[in-house]
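These are my notes from a session with one model. I looked things up element by element and wrote down what came back.

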Amino acid sequence: MRCPTCKSEDLRVLETRDLDEAIRRRRECAVCGRRFTTFERIDVLRLYVLKRDGRREPYDLVVAATGYHLRVPFVPSDVVPVIDEIPQLIAGVLPERYKNFYFTSFGQPRYGAGPLITAGAKALVAMIRAQPQMEHPIGAVLRRLGEGPPLTALADPFQMMRRSARAVKMMPRIVAREAAIMRANSSVTATMQLFRPW
Ligand SMILES: [Zn+2]
């Protein structure tokens, strides 16, 4: 391993933490002092995307940005059903049955989506980071909390931005309470609905 700044191989480990799914190490370059973080993960699950040109590429998640079109012709219809032009995605980005599969840019805001995609990106990152800590697909957990696919392809930009900000805040709590949520204890579910991110 080399320092990302000066390419020296003279590196010190400052701190090591076991995160269950990975080992996190804080490292420092002995030459230039640059500090950076590395993660070690067991390479158990290798999934591949078979590209149209025949290449096979490993992936651990797919983020499909489709501009502002509503359909997903490149995905089999049983993965993401489309009803009345609306992809059946929880919170607009998560298929209910699949982990590590996210969509973005489906919302059809009333006046321009640029800033919305930026705002939504933080929520998407929070969800991508949360998923490896969760047993079930996030979409399934949110479904259990009462979240469903959108009813319209139109989105209120301000509401989307508020929901995105709340989603970032709520994701750790949803991760922490996943087991209780999925046991479908009605009192827990009712309590969690007070905190619904979307
Ligand atoms: Zn260096």
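**Entry 1: the bend in α3.** I began with helix α3, which bends by about 40 degrees at Met 170. A proline, Pro 172, follows within four residues of that point. This is a predicted model, so I read the angle as a computed value. I then checked the length: α3 covers residues 157-176, 20 residues in total. From its first C-alpha to its last it reaches 29 Å, close to the 28 Å expected at 1.5 Å a residue.

Which residues of α3 are buried? I listed Met 160, Arg 163, Ser 164, Ala 167, Met 170, Met 171 and Ile 174. Met 170, where the bend was found, is therefore one of the residues with 20 or more other C-beta atoms within 10 Å.

**Entry 2: Val 125.** I moved to Val 125, which sits in helix α1, residues 114-130. Is Val 125 buried or partly exposed? I have it as partly exposed, because 13 C-beta neighbours lie inside 10 Å, and burial needs 20 or more. I also looked up its distance to Val 168: the two C-alpha atoms are separated by 8.4 Å, while the residues are 43 apart along the chain. Val 168 falls within the range of α3, residues 157-176.

**Entry 3: the core.** I asked which residues have the most contacts inside the largest nonpolar core. They are Val 93, Leu 94, Tyr 102 and Met 127, in a core of 22 residues. The elements giving two or more residues to this core are β9 (101-104), α1, α2 (138-144) and α3. As background, nonpolar side chains tend to be buried together in soluble globular proteins.

**Entry 4: the sheet.** I turned to an open sheet of 3 strands, ordered β1-β2-β3, with antiparallel pairing. Its edge strands are β1 (11-18) and β3 (35-40), each of which pairs on one side only. From one strand to the next, the twist averages 25 degrees.

I went through the pairs in turn. β1 and β2, the latter spanning residues 23-29, are joined over 7 bridges. In this pair I noted Leu 11 opposite Cys 29, and Thr 16 opposite Arg 25. The hairpin of β1 and β2 has 4 residues between the strands, and Asp 20 there takes a positive phi near 75 degrees.

β2 and β3 are joined over 6 bridges, again in the antiparallel sense. Ile 23 stands opposite Glu 40 in β3. The hairpin of β2 and β3 has 5 residues between the strands, with Gly 33 at a positive phi near 85 degrees.

How many residues of the edge strands are buried? For β1 the count is 0 among its 8 residues, and for β3 it is 0 among its 6 residues. I recorded both strands as hardly covered.

**Entry 5: Cys 3.** I looked next at Cys 3, in the segment before β1. Cys 3 is buried, because 20 other C-beta atoms lie within 10 Å. That count sits exactly at the cut-off, since a residue is buried at 20 or more.

What does Cys 3 contact, leaving aside neighbours within four places in sequence? I found Ser 8, Leu 11, Cys 29, Val 31, Cys 32 and Arg 34. Leu 11 and Cys 29 are the two that stand opposite each other across β1 and β2. Cys 3 and Cys 29 are 6.0 Å apart, C-alpha to C-alpha, and 26 residues apart in sequence.

**Entry 6: whole chain.** Last, I took the totals. The protein chain has 5 helices and 11 strands. Of its 198 residues, 21% are buried. Among contacts between residues at least 6 apart in sequence, 56% join residues at least 24 apart.

How values were computed
Residues numbered from 1 in each chain as written. Predicted model: local features only at pLDDT ≥ 70, side-chain atom pairs only at ≥ 80, totals over all residues. Buried ≥ 20, exposed ≤ 12 C-beta atoms within 10 Å, placed from the backbone. Contact = placed C-beta atoms within 7 Å. Expected span 1.5 Å × (residues − 1). Bend = angle between axes of the 7 residues up to and from the residue. Pairing = 2+ DSSP bridges. Axes fitted to C-alpha atoms, helices over the stretch in contact; angles between N-to-C directions. Core = buried A, V, L, I, M, F, W, Y, C linked by C-beta atoms within 7 Å.
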